[in-house]
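This report describes the structure shown below. It proceeds from the backbone to ring pairs, cysteines and the relation between the copies.

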2 protein chains.
Amino acid sequence: MAITPVILSGGGGTRLWPMSTPECPKQFLALTGEHSMFRLTLDRVNDRASFCAPIIVSGAAHADVVTSQLASAGITDASVLLEPCARNTAPAIALAALAAADPKAVLLVMPSDHLIADVAAFHAATNAALPLAQDGWLVTYGITPSAPETGFGYIRMGEALSDGVQRVDRFVEKPERVAAEAMLAEGNHSWNGGIFLFRADRYLGALAVHAPDILAKAQEAMRGASRDGHYMRPQSEAFAACPADSVDYAVMEKDDRVAVVPADMGWSDVGSWDALYEIGAKDESGNVVSGNVRLDAANGNLVKADGMRVSIHGVSDLIIIANGSEIMILPRGSSQKVRDFAGG
Amino acid sequence: MAITPVILSGGGGTRLWPMSTPECPKQFLALTGEHSMFRLTLDRVNDRASFCAPIIVSGAAHADVVTSQLASAGITDASVLLEPCARNTAPAIALAALAAADPKAVLLVMPSDHLIADVAAFHAATNAALPLAQDGWLVTYGITPSAPETGFGYIRMGEALSDGVQRVDRFVEKPERVAAEAMLAEGNHSWNGGIFLFRADRYLGALAVHAPDILAKAQEAMRGASRDGHYMRPQSEAFAACPADSVDYAVMEKDDRVAVVPADMGWSDVGSWDALYEIGAKDESGNVVSGNVRLDAANGNLVKADGMRVSIHGVSDLIIIANGSEIMILPRGSSQKVRDFAGG
């Protein structure tokens, strides 16, 4: 049975400002190579032998860029759900589950702004998790941790349920550094990467138990939805009245039949300019460069130039991002400062 | 007798790239404040009780910007000589001397891309030098040195000719550091700032002796010049055939009656971004900033933003210049690298 990809593209993050903006958030930008992360997410599940037509959940403001990127990917069968407002992931996935052609369809829910370098490992994890998902388990993908990161939630993995899949023992909120180091030392913990595999009806049933308001408002929004070909616009007032909550809080942390499939698949949430530097291809001086950039005696810099030329001499370990109307310069390691700039 | 200002505006320097470009060289840019250095040069000699209508010598390519800046300065009586090509200062001054209404007019020759903070000191030096200039001396202004700079020529000052004016003992080419330090220690040396006071006929007579080819070709170019109101275009072929030489080499270093009027007048040639940082107004963190710039935890930077916004966190002692299509970043103290970037 083929899997139905659900691609969540409602994010409008500010952590990659000034490239990422509310008008064109990071998932639609070609930040890591030739293609956007939205496009790479589509490509990852574009084998129609294994995957059905995808369901895209996106903000209404981004209908044009979604259309354009679907077209350039050659995808004509996607369903696009245009959210009238952002209500976090639990309602977004509810819309997709209600829109699925088959109530028992297995949904592969993916953020559209993450990078997965080892797609084969991703597919292997999906294949390992599929029987349990079909059997009614809510499966989350556990990212093999590479460092004691404090910016991610963690999953403590419990007993084996099948070859490659374990019961979730518990979810751990973003930890302090010491706690993160302890989990890495202990092993048997994964990062919570926000990728899920479960049946549409099973998810909706879990919502009915754990978050009935979300289910009710999502159903109301879908009953009142307007359609235009592959595009569907849920009814605005009903969706606006839906509680905003993440799928983790609303469902995964509350349900009893939750499994994790650990996957070492070169995952990155590309959550900061520092993260982008880490995954970027370095020149012989350790610079990660894109666009029209001239470097002289410069080492370890991340430089992105869009719409202008950047000329640099004699500086090291800087993040330099230029996008035509904005330039941001700060040292590597301080990319959390970006939010302050992005707000003003 | 009123003095005729001659403003040399033929420069197209690259040392303040990317702001200064061949299309709009530094003298026409408001780099040091509200007004361009060309405008500030005009304003310096705009008192019609002391100064006649100025003669501007500029490149033909810059006729429009000259016209516009004359208009904004409210100057309607300037003569503008538009050079068909650049031939350095000796020919440019020859054109102006030939264009002067009175052959015995005293010309005050000034570059248009220098800054003089103490205009009263400049005027005092001019008043001190005027009798000698009227008497046939070629007078150069000696800038009181503030450091053992190796980027300027020096003048060794000789016997006093009058109150405040001395005979030039000799001109010294741009020195090595040790020689510069020795001259500062010895005293009695000035920088050669490229400002001159002499009679038109005396300059043309000196050219006839020391550089007759320059005089002949300048005369030919002026005889064939086309006129349009206050604008005059010297004949192209004749002027192109004129040897390119500086007034220092062609005349000042060869003539016998050459004087220097030392002047401590807050002079800067604004010859580099480092120079501009030095003369700029600093904020409490030592930053010199203009344009739409946001600074956070940044110290000792020169930041100029034109046509875009620059946001900076946590960097120190950088030169950051952004002009809409180009951004240049390098450490303070290395602004000589600019030429490499400007060429490409």
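## Backbone features

B:Pro18 lies in the loop between E1 and H1 of chain B. The peptide bond that joins B:Trp17 to B:Pro18 is cis, with omega at about 5 degrees. Chain A shows a cis peptide bond between A:Trp17 and A:Pro18, where omega is also about 5 degrees. A:Pro18 belongs to the loop between strand E1 (4-9) and helix H1 (37-44) of chain A.

Positive phi values occur at two residues described here. A:Asn188, although not a glycine, has a positive phi of about 65 degrees. This residue is located in the loop between helix H5 (177-186) and strand E9 (189-199) of chain A, and A:Asn188 counts as partly exposed at 37% relative accessibility. In chain B, phi of B:Ala297 is near 55 degrees, again positive in a residue other than glycine. The loop that holds B:Ala297 runs between strand E15 (293-296) and strand E16 (302-305) of chain B.

## Model confidence

The model is predicted. For chain A the average pLDDT is 95, and 100% of the residues score at least 70. For the complex, the predictor gives an ipTM of 0.85 and a pTM of 0.87.

## Relation between the chains

A turn of 180 degrees, with a shift of 0.0 Å along the axis, lays chain B on chain A with an RMSD of 0.0 Å. That is the relation of a two-fold axis. Within chain B, the C-alpha nearest the axis belongs to B:Gly324 and is 3.6 Å from it.

The interface follows a corresponding pattern: 100% of the interface residues of chain B are also interface residues in chain A, so the copies meet through the same surface.

## Aromatic pairs

Over all chains, the count comes to 16 aromatic pairs. One of them is formed by A:Phe122 and A:Tyr141, which are tilted, with 5.7 Å from centre to centre and 40 degrees between the planes. A:Phe122 lies in helix H4 (residues 119-134) of chain A and A:Tyr141 in strand E6 (residues 138-143) of chain A, so the pair ties together parts that are 19 residues apart in sequence. A:Phe122 is buried, at 0% relative accessibility, and A:Tyr141 is likewise buried, with a relative accessible area of 0%.

In chain B, the ring centres of B:Trp17 and B:Phe341 are 6.4 Å apart and the planes are at 35 degrees, so this pair is tilted. The pair links distant parts of the chain, 324 residues apart: B:Trp17 is in the loop between strand E1 (4-9) and helix H1 (37-44) of chain B, while B:Phe341 is in helix H11 (residues 338-343) of chain B. B:Trp17 counts as buried at 6% relative accessibility, and B:Phe341 counts as buried at 6%. In chain A, ring pairs join A:Phe152, A:Trp191 and A:Trp267 into a cluster.

## Charges over rings

In chain A, the charged end of A:Lys282 sits over the ring of A:Tyr277, at 4.7 Å from its centre. In chain B, the charged end of B:Arg332 sits over the ring of B:Tyr277, and the distance to the ring centre is 3.7 Å.

## Cysteines

How many disulfides are there over all chains? The count is zero. The cysteine sulfur closest to that of B:Cys85 is in B:Cys242, 8.6 Å away, which is too far for a bond; the cut-off for a disulfide is 2.5 Å between the sulfur atoms. B:Cys85 counts as partly exposed at 23% relative accessibility. B:Cys24 is also partly exposed, with a relative accessibility of 22%.

## Two helical residues

A:Leu215 is placed in helix H7 (residues 212-223) of chain A and is buried, at 11% relative accessibility. Apart from neighbours within four places in sequence, A:Leu215 is in contact with A:Leu204, A:Leu207 and A:Ala208. The C-alpha atoms of A:Leu215 and A:Ile320 are separated by 44 Å, and the two residues are 105 residues apart along the chain.

In chain B, B:Ala208 is part of helix H6 (residues 200-210) and counts as partly exposed at 39% relative accessibility. From C-alpha to C-alpha, B:Ala208 and B:Val251 are 9.8 Å apart in space, with their positions 43 residues apart in sequence numbering.

Definitions and conventions
Residues numbered from 1 in each chain as written. Chains lettered and ligands numbered in written order. Predicted model: local features only at pLDDT ≥ 70, side-chain atom pairs only at ≥ 80, totals over all residues. Heavy atoms only, no water. pLDDT = per-residue confidence, 0-100. Least-squares fit on C-alpha atoms with pLDDT ≥ 70 in both. Contact = heavy atoms within 4.5 Å. Phe/Tyr/Trp six-rings, centres within 6.5 Å; stacked < 30°, edge-to-face > 60°. Helix = DSSP H or I, 4+ residues; strand = E, 2+ residues; numbered from the N terminus. Buried < 20%, exposed > 50% of the residue type's maximum accessible area, 1.4 Å probe, protein only. Lys NZ or Arg CZ within 6 Å of the ring centre and 35° of its normal.
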